[in-house]
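User: Please take a close look at the second largest pocket. What lines it, and which strands contribute?

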Amino acid sequence: PYMFHCHIALHEDEGMMGQFVVVDNGNDPTISFMSSPVLQAREGTAYAYQAKASTNTKEAISYNVASGPSGLTINSTTGAVSWPTPVKGSYDVVLTAMIIVNGKNYGTEQKYKLTVNPPLTITFTSTPVVTGYEGTAYAYNVRARCSDTTKFLSYRFVDSVAGMGLTRQGAMTWAKPTVGTYNITVRATVFGDTISAIQKYV
C-alpha cells in the first residue's frame, strides 16, 4: 500500500502557499523539508529562519548547514537557523536534514539564495521652526525619510516643553508659547522596527 502525506507551508516573504506531497510505499524511509526559507535579511540585524523537515519514521531529524556564509548556523536538533550579524551580499545556502534508520543515513537538502540588504537609514528632510512668539500658536511639521521608501516612520519627543504636543505623524504644536529658550529633540522611528534617528534644535 502507498501512503500520501500532504503538508502546507507559508512562504514568509511572498505570502504564497506551497503544498508538498511525500509518497512512500510503507517500507522506505523518506524525509523532506516542509518549511519555506526566509530569503531577505538586513545588514546588522539578526537573521532567523525556522527550518522544518518531515519524515515517515519516528527517528530524530538532524540538521546541518552544508553551505552558507560565515556565521550562519543551524541548531542540529530544532532546525533554528540564525546569523547574528549578517553582512551585505547575496549568498547560496544549502541546509541538510538527516535521519538514521537501521544504521543507514537518509537525507535531503534545501537550497536557497539569501540576500542581505544594506542597513536602514533615516534622514530628516524638514527644517525646524526655531522662532516663536508669546501668545501666538507655534507649529512645525516634522518630516524624515527612510532609505527603504516602503517603510513608515513615527515620531515622538525625547525633550520638549510643557504644553507642546507631537503626533505620531509628526505634527508639532504649542498653543500658547511662553518666553524662553528651549531644547527640543524629536525621534523618528521605523514603524515595527528599532531603527531611529533624532533631530535636535533650540
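Analyst: Start with the term. A pocket here is an open set of grid points with protein on both sides within 12 Å along at least five of seven lines. The model is predicted.

Now the space itself. The second largest pocket holds about 210 Å³. For reference, the volume of the largest pocket is about 290 Å³.

Next, the wall. Its lining residues are Gln40, Ala41, Arg42, Thr45, Ala46, Tyr47, Ala48, Asn117, Leu120, Lys151 and Asp193. Sort them by type, and you get 5 nonpolar, 3 polar and 3 charged. The charged ones are Arg42, Lys151 and Asp193. The lining of the largest pocket splits into 13 nonpolar, 5 polar and 1 charged.

Now the strands. Two of them, E4 (40-42) and E5 (47-50), each supply at least two lining residues. E4 gives the most, with 3 residues. Those are Gln40, Ala41 and Arg42. From E5 come Tyr47 and Ala48.

Follow one more lining residue, Asn117. Strand E11 covers residues 104-117, so its last residue is Asn117. E11 runs antiparallel to E10, and 13 bridges join the two. One of the pairs sets serine 90 against threonine 115 in E11. E10 and E11 form a hairpin with 2 residues between them. In that turn, asparagine 102 has a positive phi of about 55 degrees. E10 also pairs with E7 (residues 62-67): they run antiparallel, joined by 5 bridges.

Conventions. Residues are numbered from 1 along each chain as its sequence is written. This is a predicted model: local features need pLDDT of at least 70, side-chain atom pairs count only at pLDDT 80 or more; totals for chains, interfaces and linings use all residues. Side-chain values use heavy atoms; hydrogens and water are left out. On a 1 Å grid over the protein atoms alone, a cavity is a set of points where a 1.4 Å probe fits but cannot get out, and a pocket is an open set with protein on both sides within 12 Å along at least five of seven lines; lining residues have an atom within 4 Å of a point. Grid points are joined across faces, edges and corners, and a volume is the space filled by probe spheres set on the points. Helices (H or I, at least four residues) and strands (E, at least two) are DSSP runs, numbered from the N terminus. Two strands pair if DSSP finds at least two bridges between them.
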